[in-house]
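The following note sets out comments on the structure for a colleague's consideration. The points are numbered and may be read separately.

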Amino acid sequence: LQAVLYMKQGMAVAEACKKSIQSIFDKFPTFSGGMVCVSTTGEHAGVAVNMQFSYSYMAGDMDEVLVVPVA
């Protein structure tokens, strides 16, 4: 929810995603987790803390699924 609020305020998707997960990490320094954010226009970004993962993305104008690694 926090990332959505940041994006509503005009923050870029990647920045909103990073700032949201950073607030969790600041309170819980041993936290490991990840987050993917997508805007209403299809812009997307992922962020990870103490882990790695991949997510898949496909928009209506794409012919193939995009696999995005996040470290």
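1. Asn 50 counts as exposed, because its relative accessibility is 54% and the threshold for that class is over 50%. The residue is found in the loop between strand 2 and strand 3. Its backbone deserves attention in this predicted model: phi of Asn 50 is near 60°, a positive value in a residue other than glycine. Most residues other than glycine have a negative phi.

2. The overall architecture can be stated briefly. The protein chain has 2 helices and 4 strands, and from the N terminus on the elements run α-α-β-β-β-β. Along the principal axes, the C-alpha atoms fill a box of roughly 40 × 30 × 15 Å. Of the 71 residues, 31% count as buried. The accessible surface of the chain comes to about 4900 Å², and carbon and sulfur atoms account for 56% of it. Among contacts with a separation of 6 or more, 21% are between residues 24 or more positions apart.

3. Which residues make up the largest nonpolar core? Its 12 residues are Ala 3, Tyr 6, Met 7, Met 11, Val 13, Ala 16, Cys 17, Ile 21, Cys 37, Ala 45, Val 47 and Val 49. Two or more residues come from each of helix 1, helix 2 (13-27) and strand 2 (44-49). Helix 2 gives the most, with 4 residues. Apart from this core lies another, of 6 residues, including Phe 53, Tyr 55, Tyr 57 and Val 70. In soluble globular proteins, nonpolar side chains tend to be buried together.

4. Met 7, a member of the largest core, illustrates the contacts made there. Leaving aside neighbours within four places in sequence, Met 7 is in contact with Val 13, Ala 16, Cys 37, Val 38 and Ser 39. Val 13, Ala 16 and Cys 37 are also listed in that core.

5. Ser 39 is found in the loop between strand 1 (33-38) and strand 2. Is this residue buried or exposed? Ser 39 counts as buried because its relative accessibility is 17%, and the buried class takes in values under 20%. Beyond four places in sequence, Ser 39 touches Met 7 and Val 13. Its side chain also makes a polar contact with the side chain of Thr 41, at 2.9 Å.

6. Glu 43 lies in the loop between strand 1 and strand 2, and is partly exposed, with a relative accessible area of 43%. Not counting residues up to four places away in sequence, Glu 43 touches Val 13, Cys 37 and Val 38. Its C-alpha lies 13 Å from that of Ala 3, a residue 40 positions away in sequence.

7. A polar residue in helix 2 also merits comment: Ser 20 is found in that helix and is buried, with a relative accessible area of 3%. What does Ser 20 contact, leaving aside its neighbours within four places in sequence? The contacts are with Gln 2, Ala 3, Tyr 6 and Met 35. Ala 3 and Tyr 6 are members of the largest nonpolar core.

8. Tyr 57 lies in strand 3 (residues 53-57) and counts as buried, at 14% relative accessibility. It is one of the residues of the second core. Not counting residues up to four places away in sequence, Tyr 57 touches Val 38, Gly 42, His 44, Met 62, Glu 64, Val 65 and Leu 66. With Gly 42 there is also a polar approach: the side chain of Tyr 57 reaches the backbone oxygen of Gly 42 at 2.6 Å. Tyr 57 and Val 67, 10 residues apart in sequence, are 6.4 Å apart in space, C-alpha to C-alpha.

9. Finally, the surface at the N-terminal end. Leu 1, Val 4 and Leu 5 make a nonpolar surface patch of about 310 Å². Val 4 lies in helix 1 (residues 2-8) and is partly exposed, with a relative accessible area of 41%. This value meets the accessibility requirement for a patch, because patch residues need over 30% relative accessible area. Helix 1 is also among the elements that give two or more residues to the largest core.

Technical notes:
Residues are numbered from 1 along each chain as its sequence is written. This is a predicted model: local features need pLDDT of at least 70, side-chain atom pairs count only at pLDDT 80 or more; totals for chains, interfaces and linings use all residues. Side-chain values use heavy atoms; hydrogens and water are left out. Patches are made of residues with over 30% relative accessible area and no salt bridge: like charges are joined within 9 Å, nonpolar side chains (Val, Leu, Ile, Met, Phe, Trp, Tyr) within 5 Å. Accessible areas come from the Shrake-Rupley method with a 1.4 Å probe; for residues, only the protein chains shown count as cover. A salt bridge is a side-chain nitrogen of Lys or Arg within 4 Å of a carboxyl oxygen of Asp or Glu. Buried means under 20% relative accessible area, exposed over 50%, partly exposed in between (1.4 Å probe, protein chains only). A nonpolar core is a set of buried Ala, Val, Leu, Ile, Met, Phe, Trp, Tyr and Cys residues joined through side-chain atoms within 4.5 Å. Contact means heavy atoms within 4.5 Å. A polar contact is a pair of N or O atoms within 3.5 Å; within protein, one must be able to donate a hydrogen and the other to accept it, and residues adjacent in sequence count only if both atoms are side-chain atoms.
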